[in-house]
Amino acid sequence: MGIFGAMNTAVSGLAAQAYALENISGNIANSQTTAFKRIETSFVDLIPDSGPRRELSGSVTGQSRATNTLQGQIQSTAITTNLAVNGDGYFIVQQPVGRSDGGPVFTTSNNYTRRGDFGVDANGYMVNGAGYYLYGLPLDRTTGNAIGSSPSAIRVSNDVIPARATDTINYRASLPTVPQTSMYSAGTPGSELMAAGLIGQATIGPGDAATFVSTSIAGGSRTAYDALGNEINVQLRWAKTANAAAGPPAVEDTWSLYYQSNSGSGTEEWSRVGGDFTFDGAGQLSAPTTNPTITGLAVNGRAVGDVTLNLGNSGLSQYARTDGTVQITEIGQNGYAVGELMNVIITDAGRIRGNYSNGQSVDLFQIPLVSFNGDNMLKRMDGGAFAETAESGPPVMGASGRILSQSLEGSNVDISEEFTKLIITQQAYAANTRIVTTSNSMLQETINMIR
């Protein structure tokens, strides 16, 4: 059996090297395929059962060895929805099994991939170049927290973002010790103060509006929004009502803040914000001690509602300044009008963020990454996807890798290494053919012995 055994072993060598050649061919063919993982060939010896003194080197078979844990080079792209995983992790994807009402129909069986050449299709789904749909966790638009724990196909709709009524105005400013109102005269003590008859009034009506404006100074303006997204111009004015005096009773520098509740000619009105604003000798706000509320803010009949005037820590102060005006360092608010979706980006935290025409950015989905204990035991699918197997173990949410936007992972194939393996495979194949040729020659010699 020695000659026949040698020939059979050589044939197994030819088959194993042919198997290796097929893998090399596939690796080279996919050297430019996004996130492709090369397949290497392992050779396994097959030993026949024999005694210790009659052992043979045996035949051989070829087996595949996956390289799923070896990352390809990450390259930057100009497409905002292109994604790459730096480190451990896979995207959750599915291919549709059909369509219904113009939309894709999915199963409950997920696939996994590192191919991140995603783009948004006509229906708003994120699909990669191999036709796999990206899965993610929808986010609450207000809190930013995930809704549920089961990923679903990511679909970015063109729905408008609803308007939000202003409920906070952020305000930081420094008031002058001597406000230079239009009625102020440097040689007249108390001329910088608000008209005495107006002090303490909750609402200053049309008959006193002109007097109020002439004995107060501008405090800035800001556009606010009602619940329907209508723009409302909020004008603020400060009026000093008392200068510091030793007393008794002791008096601190005291101010009143008003906003213009009606701007119509002949119907102009100003409404007071909270109570007195007082400042100590160091120019620091001593009252109120908490952020005041503008109760029922409304301008020209358009109601905004209760609005908190957020002064922050030491956000309001009083100092001597020759210009006699209010120095505003911040005046902002948190409302906005209705907005249309302009574009979609992916953040470094793996969140799909929609940018809207009203200047708002809203996180819509969280892209989860999963890992496997046995990455190289995953079942390969067309298009760079993988399926779970008993050997790979179940997917584990929360992989340690990081999602990179505007990036793609390249193939982990090294062309020069593949050419080296190609030469070695060719030489091994040729050597096995020589065994077959030699075995055939020896068999011919054996047959010739009986002639």
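Start by selecting helix H2, residues 206-214, where Ala-209, Phe-212 and Ser-214 are buried. Keep in mind as you click around that this is a predicted model. Now show what lies over those buried residues: the cover includes E14, strand E16 (231-242), strand E17 (253-262) and strand E18 (269-279).

Stay with Ser-214 for a moment, since it leads to the next stop. Ser-214 is among the residues touched by Thr-181, along with Ser-191, Glu-192, Thr-215, Ser-216 and Ile-217, leaving out anything up to four places away in sequence. Select Thr-181 itself and you'll land in the loop between strand E13 (168-176) and strand E14 (203-204). Is this loop residue buried or exposed? Thr-181 has 7% relative accessibility, so it counts as buried.

Now draw a distance from the C-alpha of Thr-181 to the C-alpha of Ala-16. The viewer should give you 96 Å, for two residues 165 apart along the chain.

**Zoom out**

With that distance on screen, take in the whole chain. The C-alpha trace spans about 145 × 50 × 35 Å along its principal axes. The radius of gyration is 39 Å, whereas a compact globule of 451 residues would have one near 22 Å. Colour by secondary structure and you'll find 3 helices and 32 strands. Try colouring by burial too: 41% of the 451 residues count as buried.

A surface view is worth a look here. The accessible surface comes to about 22,900 Å², and carbon and sulfur atoms account for 51% of that. For charges, there are 26 positive and 37 negative ones, and their mean positions sit 8 Å apart. If you have a contact map open, look away from the diagonal: of the contacts with a separation of 6 or more, 62% are between residues 24 or more positions apart.

**The other two helices**

Go to Ala-16, the far end of your distance line. Ala-16 is one of the buried residues of H1, a set that also includes Met-7, Ala-10, Leu-14, Gln-17, Ala-20 and Ile-24. Some of the others in that buried set are Ser-12, Gly-13, Asn-23 and Asn-27. What do they pack against? The partners are strand E1 (39-46), strand E2 (59-66) and H3. Put a distance on H1 from its first C-alpha to its last and you get 40 Å over 28 residues, close to the 40 Å expected at 1.5 Å a residue.

Next, select H3, residues 415-448. How far apart should the ends of this 34-residue helix be? At 1.5 Å a residue, helix H3 should span 50 Å, and its end C-alpha atoms are indeed 50 Å apart. Show the side chains of Glu-418, Thr-425, Asn-432, Ser-439 and Leu-443, which are the buried ones in H3. Their cover includes helix H1 (2-29), so you can go back and forth between the two helices here: the buried residues of H1 pack against H3 as well.

**Backbone oddities**

Follow the chain out of H1 and stop at Ala-35, in the loop between H1 and E1. Check its backbone: phi of Ala-35 is near 60°, a positive value in a residue other than glycine. Ala-35 is buried, with a relative accessible area of 6%.

There's another positive phi at Gln-406, about 50°, and this residue isn't a glycine either. Look for Gln-406 in the loop between strand E31 (402-405) and strand E32 (407-409). Gln-406 is partly exposed, with a relative accessible area of 33%.

Then pick Ala-287 and Pro-288. A cis peptide bond joins them, with omega about 0°. Pro-288 is in the loop between strand E19 (285-287) and strand E20 (293-299).

**Two last stops**

Select Thr-347, in the loop between strand E24 (341-346) and strand E25 (351-356). Thr-347 has a relative accessible area of 12%, which puts it among the buried residues. Draw one more line, from its C-alpha to that of Gln-260: the two are 87 residues apart along the chain and separated by 41 Å.

Finish at Ser-371 in strand E27, residues 369-371. Its relative accessible area is 13%, and it is buried. Which residues does Ser-371 contact beyond its neighbours within four places in sequence? Show Asp-88, Pro-394, Pro-395, Val-396 and Ala-399.

Key. Residues numbered from 1 in each chain as written. Predicted model: local features only at pLDDT ≥ 70, side-chain atom pairs only at ≥ 80, totals over all residues. Heavy atoms only, no water. Helix = DSSP H or I, 4+ residues; strand = E, 2+ residues; numbered from the N terminus. Expected span 1.5 Å × (residues − 1). Buried < 20%, exposed > 50% of the residue type's maximum accessible area, 1.4 Å probe, protein only. Contact = heavy atoms within 4.5 Å. Rg over C-alpha atoms; globule rule 2.2 N^0.38 Å. Areas by Shrake-Rupley, 256 points an atom, 1.4 Å probe, with all protein chains shown as cover. Lys, Arg positive; Asp, Glu negative; His and termini not counted. Charge placed at Lys NZ, Arg CZ, Asp CG, Glu CD.
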